[in-house]
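Trainee: I would like to go through the terms used for this model and see what stands behind each of them. Can we take them one at a time?

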Amino acid sequence: MRLHRRHDRPLCPRGTSATDGFVGLGLTVCEGIVMSHNIFAAVRVRVLAALHRVVPGLPDEVAARVEVTPPREPAHGDMATNAALVAAKAAGRRPQEIAAALVAALLADPLVAEAGAAGPGFVNLRLHAAAWRGLLPLILRTGEAYGDSTAGAGVRVNVEYVSANPTGPMHIGHCRGAVVGDALANLLAKSGCDVTKEFYVNDAGNQVTALAWAAYFRYLQALEVPITEAGFSDIVPGGLQYRGDYLIPVGEALAAEFGTALLSPEGWIAETDAWLVPVRDVTIAMMLGQIREDLAALGVVQDVFVRERELVEAGAVDAAIARLEADGLVYRGVLEPPKGKTIEDWEPREQLLFRATQFGDDVDRPLQKSDGSYTYFANDIAYHAGKTARGFDLMIDVWGADHGGYVKRMQSAAKAFGGTLDVVLCQIVHVLKGGQPLRMSKRAGTFITLRDLLDEVGPDAVRFTMLTRKSDAQMEFDIDQAVAQTRENPVFYVQYAHARCRSVLRAAAELLGAAAVAPAALAGVALDSLEHAAELALLRRLGGWPRSVEAAAVAREPHRIAFFLSDLAGDFHVLWNRGRDDSALRFLQPDRPVETLARVALVAATATTIRSGLAVMGVTPVEEMR
RNA sequence: GGACCCGUAGCUCAGUUGGAUAGAGCGUCGCCCUCCGAAGGCGAAGGUCGCACGUUCGAAUCGUGUCGGGUCCGCCA
């Protein structure tokens, strides 16, 4: 339970049986570094043991606040702990006094080389270099699974992202959510959660009716029915909405499948009864197919597609509303008009309302439109109730920031059905090219589809770049920078580090034989020669990987993985550059096989860790940059 | 009128959930390299963390207020 208490936002909701997974993690950590893979967690256990000796009877909730972290200032050592500061009040003693006792206790630990009290009561630790070197065999034997954790074991998580109207191709506005959701799902899976990636198809509303009309127009064109776009638009209720070329193939497909059967007997526009449903269904199927292709090109392949229309037709909405009624969470009432915002034809109206205020929302929310049909919200309630019924302990929805006002009501609804919903909002992406913002507008013809972006930049650069910002901050996507082969492009910088590692490993195989540089063989080599500051800095960075994964998962912030990899690449490039000026510092030294093998082990572990991180991001590691 | 997000170096952004002297890249300035380990390397300057109170051993981080930018506010999804 320690990890659970240490964070405000556990991987899984409180009070579920799934929290038992955290007990497992605590036990694993107690058994040592090898079991947990997380050297910081392992040292924390040792610090806690020492603290309990220094301060007998320390309450669990105080111990839970003890942290072992890398210090900002490397001069302070390898790790720092706030243990004495945290324990001082409960112990009724001065922090410095506890720190001093803690230092004495920790100096007896075989992992600890140096310990010292500093500042208001911090304890700084320096581990023996051997402790850090000991990570290499672990990493080499574990492979890309290095950084995997059991923190989320037993937690079933549903991550829903990209969900959109199937009314057209994916565009850049969808792209960020697709990447963030996919990487977040990967991150939670790496943390031990049982993750389902899901797409909710909004195919039940008015938008798909408008889409059907637009497709019908293209069908008429395919059959050369003589009608202009303007003339047709006058006939469509609300006017023709989707005018893009992308529906032309749909019209042709409809003509091929149905011939003239969807026309009136006179060869003209027929009553909607005669064509709307088949046109709609064919169009949605084709649009959805294109969306899935576009997403696949981005590397996004989701496990489950839920159709809103199927939920509605199966009666799921009626059932969900009935359940809410049974629980007394639904009533008929009149909402106040929003203040400060004038709505033209506002008139007080009695509506079916959900008591969202009982769960923390600001107002109760309508479930029915004036024509008696359900609102989108009502359908969404049924959808999320269904997720909880399917057995998910946690739901995470990734939405665009324009849905921010929708978060509280959906979380309220999730709670009403006993579920837990986290929402990750993705802010707007401004696309830059040649230093100029590309204004996206369908009319101006500067509308950028996901496919366009992928053709120009490639999926790896798109995914990595989308993860170089916190998702709730606006970001600029500079197309020129994303394809640049320079230091300022983090995609290149990280890929380049991996390619350099692989290059060294290929050369090492030439020099020493492939068998000698296989991971299993490298896991057994002598590592004592690794003692340069830059080598140890890289080792420490590698040791921070499991900790970074866990923190990113708990915070639901996959962008942290991108920053970790950039830092790791930086550490590696420093080491590489040492060999530029002084050939004795190069990784491969033909006359010094022991040192060479140690360095090759370090390089191999670096490549492995980079791959482990890129896998979370869904970015392909490259073998060479030529 | 209200809700949510953001405000950190000239620019674009991190900041390990409250820790020590706030960081990176670009840009600027200085030095080095420019054949064999390649698209560069080393270093410097640059900050009232929008502002004001508050919480405590300790605040960029939490609370309240305020200013600025963004998104949204019954039958679009």
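Trainee: What makes the pair between Phe-587 and RNA strand B a polar contact?

Mentor: A backbone N or O atom of Phe-587 lies 2.9 Å from a base oxygen of RNA strand B. A polar contact is a pair of N or O atoms within 3.5 Å; within protein, one must be able to donate a hydrogen and the other to accept it, and residues adjacent in sequence count only if both atoms are side-chain atoms. The 2.9 Å of Phe-587 is within 3.5 Å, so the pair counts. The model is predicted: local features need pLDDT of at least 70, side-chain atom pairs count only at pLDDT 80 or more, and totals for chains, interfaces and linings use all residues. Residues are numbered from 1 along each chain as its sequence is written, chains are lettered from A and ligands numbered from 1 in the order in which they are written, and side-chain values use heavy atoms, with hydrogens and water left out.

Trainee: Which atoms of Asn-206 and Arg-547 lie at a polar distance from RNA strand B?

Mentor: For Asn-206, a backbone N or O atom is 2.8 Å from a phosphate oxygen. For Arg-547, a polar side-chain atom is 3.2 Å from a base oxygen.

Trainee: Which residues come nearest to RNA strand B?

Mentor: Asn-124, Lys-339, Arg-349, Ser-370 and Tyr-496, out of 63 residues around the strand. A residue is near a strand if one of its heavy atoms lies within 4 Å of it. Helix H26 (559–581) supplies six residues, the largest share of that surface. Helices (H or I, at least four residues) and strands (E, at least two) are DSSP runs, numbered from the N terminus.

Trainee: How many residues of that surface are nonpolar, polar and charged?

Mentor: There are 22 nonpolar, 17 polar and 24 charged residues. Ala, Val, Leu, Ile, Met, Phe, Trp, Tyr, Cys and Pro count as nonpolar, Asp, Glu, Lys and Arg as charged, and the others, Gly among them, as polar. Of the RNA atoms within 4 Å of the protein, 52% belong to sugar or phosphate and the rest to bases.

Trainee: Why is Thr-449 called buried?

Mentor: Its relative accessible area is 15%. Buried means under 20%, exposed over 50%, partly exposed in between (1.4 Å probe, protein chains only), so Thr-449 is buried. Thr-449 lies in the loop between strand E14 (436–438) and helix H19 (450–457). Its side chain reaches the backbone nitrogen of Asp-452 at 3.0 Å. Leaving aside neighbours within four places in sequence, Thr-449 is in contact (heavy atoms within 4.5 Å) with Pro-169, Met-170, His-171 and Ile-172.

Trainee: Why is Cys-426 not in a disulfide?

Mentor: The closest cysteine sulfur, in Cys-175, is 10 Å from that of Cys-426, too far for a bond. A disulfide is a pair of cysteine sulfur atoms within 2.5 Å. The structure holds zero disulfides. Cys-426 is buried, at 7% relative accessibility.

Trainee: How do you know that strands E13 (residues 429–433) and E15 pair?

Mentor: DSSP must find at least two bridges between two strands. E13 and E15 have four, in the parallel sense, and Val-429 stands opposite Met-475. E13 and E14 pair in the antiparallel sense over three bridges, with Val-431 opposite Leu-438.
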